[in-house]
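I wanted to practise reading a protein model by looking things up one at a time. Here is my notebook from that session.

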Amino acid sequence: MLSGWRDVTARRPWRISAKLLIISSVVTVIGFSAVCVNVMLDARRGEEALARQMLENLATTIESDVSRNIEIYDLSLKAVASNMLLPELATVSKPIRHLILFDHATTARHFSAIQVFDAEGRLIIDASTLDPLTENRSAEDYFTVHRDNPGAGLFISRPMLFRGAYSIVLSRRISDTDGGFLGIVVGSIRFSYFHELFERLNLDPEDTITVLKRDRTIMMRRPFDLDIIGTNLNDRWRWKADNLQAGASYSGQGPVDPTPRLYVRSGDGGPLFVVAGKPLTAVFALWQREAFRIGAVVLLLALFVLGSTLVLAREIGRRADAERKLEEMATTDALTGLRNRRKFDTVIDVEWRRAMRQKAPLALLMIDADHFKAYNDTFGHQAGDQVLVGIAICISDSVSRAGDCAARYGGEEFAVLLPNTSADDAFKVAEKIRFKVQGWSDDQAVSTVSCGIASLVPAAGMDWPILVAAADKALYAAKAAGRNRSVVASLSKLSLVA
């Protein structure tokens, strides 16, 4: 009996294992993929952070160099503006005046000679010559700014053509002791300074360096484009100033060209600031190659694991199907298609225990073909087999609940187990079977059946053979009473009633 129960449950672990194998493999692949994706995203963020740090150092270095040169040049402008107030300048010769004004002035090949313009904008002193040519700069913005604004300080003009070269002009106001406007002192830094500065850097062709004023006017840019130099980013309606704050970074399309880049802005330490940019494709090029390589390996491993899992699951499924078929063959009566005695013993044991736990009634019908031996001897075994098959069909048609179990108990005897069924309900089922067999027998002139019914609520100390014995006694009572009838066993009085 216990071995039968093991046979019933033997196939379940294989089915569960197949599902668990697939689920665990899928979860493992997803988990491993998630870990790899997280690692690759961390690597991507690391690449971006490294590029950001590099661009920040680059922008800070350039900004420091530019600010230092502007500061040095501004000291020369301040010295000239201060010396212009010395009263002895009016009494000395031009060479001595040049020595007084420009003795401490910065000279470099990228810096133009300092010039002094009077309050009318006329050129009066030029550091490059004792006899300057006639010039008037009263219409230039660097003149009008100082004339109209005494507190302008150092003014850096927009890029322009100055003294035959593209430059940025630096100027300071000359004021008398009362603050009156006496003129301006002017110098310039040529674009060649920026070109030479950028050439010293090891940059990729698509890397950009942009030098801007505080009002976001582009003073210089690499790669150099004269059409862009001098434009103001505030005029670019697609670009927002908040996209790139001082000392911050920005990823995406910039204001000048459509190439997506990582941009980093220097701090606000000087009069100009620098924005360094690197294409995102270059920033993530190494990462993309690694991600593709690792992704391909992970994908191949995932496909291998899933493929192996499916193959194993299919083999497990085939084994489960084979075991199910073997079980059906082992638990099914070959002639009638009903459960066999072995299966019936297993099921009644399970249902007995369940009924005991639930304190529910369990009913059993014992059915026997009347006069079967005589019929079999008269018409032969094949005709007898047809009778058994017909009775089995009538039983199957009458027992339809999922928990009911109809079995060939042995020879011409059948058993029907009805869980959670009272004696009255079991009697109705028995009568239904009996009438079906009788109706079929009338057509075939073959046989009838007798039914013994027993129903009880299992209690502690009882075992299911009690139920079988009671139903069997009721069956013998039905035969003794003339056959073709149903009899219910009275278990409490151990008597039989028809």
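My entries below go from rings to a sheet, then to the cores and one helix residue.

**Entry 1: the model**

I noted before anything else that this is a predicted model.

**Entry 2: aromatic pairs**

I searched the whole structure for aromatic pairs and got ten. I picked out Tyr73 and Phe111, whose ring centres are 4.8 Å apart. Their planes sit at 40°, so I wrote the pair down as tilted; an angle over 60 would have made it edge-to-face. Tyr73 belongs to helix 2 (residues 12-83), while Phe111 is in the loop between helix 3 (94-102) and strand 1 (115-118). That puts the two 38 residues apart, so I filed them as a link between distant parts of the chain.

Next I asked myself: is Tyr73 buried or exposed? Tyr73 has a relative accessible area of 0%, so it is buried. Phe111 is buried too, with 9%.

I then moved on to Phe344 and Tyr409. Their ring centres are 5.6 Å apart and the planes make 85°, so this pair is edge-to-face. Here, too, distant parts of the chain are linked: Phe344 is in helix 8 (residues 341-358) and Tyr409 is in strand 13 (residues 405-410), 65 residues apart. I checked burial, and both Phe344 and Tyr409 are buried.

One more ring note: Tyr166, Phe191 and Phe224 are joined into a cluster by ring pairs.

**Entry 3: charges over rings**

Which residue lies over the face of Tyr409? I found Arg341 there, at 3.9 Å from the ring centre. I also found the charged end of Arg265 over the ring of Phe273, 3.9 Å from the centre of that ring.

**Entry 4: a five-strand sheet**

I reminded myself that strands of a sheet pair through backbone hydrogen bonds, either parallel or antiparallel. The sheet I looked up is open, has five strands in the order 8-7-11-10-9, and its pairing is antiparallel. Strand 8 (218-222) and strand 9 (249-253) are at the edges, each pairing on one side only. On average, neighbouring strands in this sheet are turned by 20° against each other, direction ignored.

How many bridges join strand 7 to strand 11? I counted six, with the two strands running antiparallel. One example is Ile209, whose bridge partner in strand 11 is Ala276.

On to strand 10 (residues 260-265), which five bridges join to strand 11 (residues 272-279), again antiparallel. These two form a hairpin with six residues between them. Arg265, the residue with its charged end over Phe273, stands opposite Val275 in strand 11.

**Entry 5: inside strand 11**

Why did I note strand 11 as largely enclosed by the rest of the structure? Eight of its eight residues are buried, so that description fits. In a regular strand, side chains alternate between the two faces of the sheet. In strand 11, Leu272, Val274, Ala276 and Lys278 point one way, and Phe273, Val275, Gly277 and Pro279 point the other way.

**Entry 6: the cores**

Which residues touch the most other members of the largest nonpolar core? In this set of 55 residues, they are Ile168 and Phe194. Helix 2 supplies the largest share of this core, twelve residues. I listed the contacts of Phe194, leaving out neighbours within four places in sequence: Val66, Ile168, Ile189, Val211 and Met220. There is also a second, separate core of 27 residues, with Ala383, Ala406, Ala430 and Ile433 among them.

**Entry 7: helix 5 and Phe198**

Helix 5 (residues 191-199) lies across strand 7 (208-213) and strand 8, at about 35° to strand 8. I zoomed in on Phe198, which is found in this helix. Its relative accessibility is 5%, so Phe198 counts as buried, the cut-off being under 20%.

What does Phe198 touch, not counting residues up to four places away in sequence? My list reads Ile62, Leu203, Ile209, Val211, Met220, Arg221 and Arg222. Val211 and Met220 also turned up in my list for Phe194. Last lookup: Phe198 and Pro223 are 25 residues apart in sequence and 9.5 Å apart in space, C-alpha to C-alpha.

Key
Residues numbered from 1 in each chain as written. Predicted model: local features only at pLDDT ≥ 70, side-chain atom pairs only at ≥ 80, totals over all residues. Heavy atoms only, no water. Phe/Tyr/Trp six-rings, centres within 6.5 Å; stacked < 30°, edge-to-face > 60°. Helix = DSSP H or I, 4+ residues; strand = E, 2+ residues; numbered from the N terminus. Buried < 20%, exposed > 50% of the residue type's maximum accessible area, 1.4 Å probe, protein only. Lys NZ or Arg CZ within 6 Å of the ring centre and 35° of its normal. Pairing = 2+ DSSP bridges. Axes fitted to C-alpha atoms, helices over the stretch in contact; angles between N-to-C directions. Contact = heavy atoms within 4.5 Å. Core = buried A, V, L, I, M, F, W, Y, C linked by side-chain atoms within 4.5 Å.
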